[in-house]
Each structure stands twice: as C-alpha cells, then as structure tokens.
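Q: I would like to learn how to read a few local features in a model. Where should we start?

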Number of protein chains: 2
Amino acid sequence: MRRNPSSPAVNWVVSGPDTERVLELDETDRMILSELQRDGRMTNVELARRIGMSAPPCLRRVRRLEELGVIRGFHAELDAAQLGWPVSFFVLVGLDSQKSQVLEEFEQTVIGWPELQACHMLNGAEDFLLHVLARDAAHQQRLIHELTEMTHVVRLRSFQDIRTLSPHKGVPL
Amino acid sequence: MRRNPSSPAVNWVVSGPDTERVLELDETDRMILSELQRDGRMTNVELARRIGMSAPPCLRRVRRLEELGVIRGFHAELDAAQLGWPVSFFVLVGLDSQKSQVLEEFEQTVIGWPELQACHMLNGAEDFLLHVLARDAAHQQRLIHELTEMTHVVRLRSFQDIRTLSPHKGVPL
DNA sequence: TATGAAAGTCGCTAACC
DNA sequence: GGTTAGCGACTTTCATA
C-alpha cells in the first residue's frame, strides 16, 4: 500500500476553555486513528505497514495525536457480564436546581460510585443520564434507591439495558 | 512487589447462548484486567512488573483472557469534538411492536449509521436508547428527523449531551 | 498446571539524512 | 518522511516445582 502523496488536510476550529486552535489532520492521521480505534494494541511497525509509511514518522504522528489530546488513551474493552456485572441500566435524573453547586455536588457523588460507567450532563428537562452496572437486581434497586434519596433529585426514570449492539463503534473518521 | 501465593479464585457462572461455564479468575487476573483497562498499550513487561510476575506467564494470562472473551479488544479512545463531531446526543425510541423482526429491522438500520456510537435495547416502555454524534445542530436535526420517519417508530425523545464526566471509568474489578 | 530462565527474533525509538 | 542502529521487549522453548 502506498501513501497518497496529496491528501487534503481538513481543518477544524477547536474551541477549548482558554484556547481556540486549528487542528490539522491529514488523511494519514485519520488512517492512524481509525486503525488504533479498531486495534489499540497493534505494534507501531504493523500500524506503519497498514498506512504505507515507515515506522519512525508513524510513531511521531501517534505521539503528536496523543499530545494534541485527539487520542485520549488506550483501554482494554472488558466483558462486564463475565466479570460478575450482568446488570446494565440507564437512569435519567432530574434535579430541582441547575445551579453549578447543585450539579457539581451530584456529579461528585455519583463519580464516586464504582458501578458508574458514564455520567452525561444534559440540557432539556432532565439533568443527567447515568449508565450503571450492578451485580444483580437487588443491587440495582439499592443503587436506584440511593439516587432517589439524594438531595435535589426530583425525577428519576431507569431503563434496563437488555442488549448492547456492536460496542465500540468509535468515532467516524 | 511479590505475588500473593494464595489468591482466592472467585468463580462466576457465565450463561451464554449455547454454553454455561464457570470463569475462574484469581486476583492476578483481576490486576491484569485493571491495568489493561487503564492503559491498554502498556508493554507486557511493564504489566508483568506491576503485577509482580515474570513476563511469560503474564502474557499467557492476557492471551487466555482474550480467548475467554473477558478482554474483547483494545481501543484508542478519541476526542470526538476535536475530530469534528462536537454534537453528542441520546435518543429514546419507542416502537409500535416488539416483534423480533421489527426490532431487528430497526437495529440493522441504525447500526448502518456511522454517527451511531451505541445502541442499547431496553425493556420497559421505550425500546432503544441510542447514543449518536453529529457535526452540528442541523446534522443532528436531520438524524432525528430520519428516526421519526422510520416505520414502527412511534415515540422519540432526544437529550443533548452537554458534558461527559470521566469517560472510560471501566468495569469495577 | 503454573511459573521462571534463557535466547533468538522482532519492535521501539533516537540520531541523522 | 526515510534509514540506520542500538537497545529493549516479545515470545518460544525448556527446566522446575
């Protein structure tokens, strides 16, 4: 495979909290990200071979993508059910206030839960969407009960996750 | 660090579609999974060093965990916003039928979307929870409109994801 | 059945073009 | 972005408990 010598670079204006910069990613960077998103343990020489480049510049690009924060990390994807967490559910939570202090207090509490898989702050009518694991139904009920008892929590709807399709689809590239 | 010579093995009965087996994982396996969940690109020697074991048996354990399906894969975690997908939202979808054919048809359609990050089948009142990315608000509206126009879709609520807290917390170990 | 030591192969990565 | 080269990691083989 030979590298395309004139891949057009597509620039995105990235707005951060205290900086706004232009990310220059060419087609080669995109191929690197795509491969590493699919197989994050691939060796650098294998990655370089796949994108049609020698190893050193390929490694330099990976390092750059990590430094830019485009690559946030590498993780093993585990089977929660096999590890004793067969119950997966989502909770929509509504609070009685949207003041920063109230939101942050809620976040800090649930972030401390080992069972929490993700916590998304929403706008609209509900304030948070949580993804939580449990060992069994009783454990799940205990966690939901704990949420209902939290101060400022006024609405709570939970949804049982009975099947997750194609995990880790990843960001389109 | 020295390896615990008498780590109690905890067994979980794992029910699969056509098999039910007992997973034997000891504390060493758990440490391996924890480390690889945190840093999936760690070298095997570094991993072995952290869990207090020489490299060969450590590598054999990792391979075994992959073969058992406990480790499903390794993935780079990417920053969607920096890659031109700053809009993240969730959609609760209700269908007018819960027949297998209807559910599968819905799944097959949304699975084809590159913007789809996850598709969870629910029980309860709603049938699916989707996590979707978009390039901008217009793109998001287009995707939501496409869902409303799908046959059998009778309820649809979308939630804007304005902030994700601590991504990749991982399965508790 | 599992670990540990040794060794050959292969990958990583700095220095330089 | 490529080449080279020294070093370190990977992984097989075999010995051991």
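A: Start with how elements are named: helices and strands are DSSP runs, numbered from the N terminus. The model here is predicted. In that numbering, A:His168 lies in the segment after strand S7 (153-165) of chain A.

Q: What is the sign of phi in A:His168?

A: Most residues other than glycine have a negative phi. In A:His168, phi is positive, near 55°.

Q: Is A:His168 buried, partly exposed or exposed?

A: A:His168 counts as partly exposed because its relative accessibility is 36%, and that class runs between the 20% and 50% cut-offs.

Q: Where is B:His152, and what is its phi?

A: B:His152 sits in the loop between helix H5 (137-148) and strand S7 (153-165) of chain B. Its phi is also positive, near 80°. With 29% relative accessibility, B:His152 is partly exposed.

Q: Which residues come nearest to DNA strand C?

A: A residue is near a strand if one of its heavy atoms lies within 4 Å of it. There are 13 residues around DNA strand C, and A:Asn44, A:Val45, A:Arg63, B:Arg60 and B:Arg61 come nearest. Of the DNA strand C atoms within 4 Å of the protein, 65% belong to sugar and phosphate.

Q: Which atoms pair with phosphate oxygens of DNA strand C?

A: A polar backbone atom of A:Asn44 is 2.7 Å from a phosphate oxygen. For A:Arg63, an N or O atom in the side chain is 2.8 Å from one, and a polar side-chain atom of B:Arg61 lies 2.8 Å from one. Helix H2 (44-51) and helix H3 (55-67) of chain A, with helix H3 (55-68) of chain B, each give two or more residues to this surface.

Key
Residues numbered from 1 in each chain as written. Chains lettered and ligands numbered in written order. Predicted model: local features only at pLDDT ≥ 70, side-chain atom pairs only at ≥ 80, totals over all residues. Heavy atoms only, no water. Polar contact = N/O pair within 3.5 Å; in protein donor to acceptor, adjacent residues only side chain to side chain. Helix = DSSP H or I, 4+ residues; strand = E, 2+ residues; numbered from the N terminus. Buried < 20%, exposed > 50% of the residue type's maximum accessible area, 1.4 Å probe, protein only.
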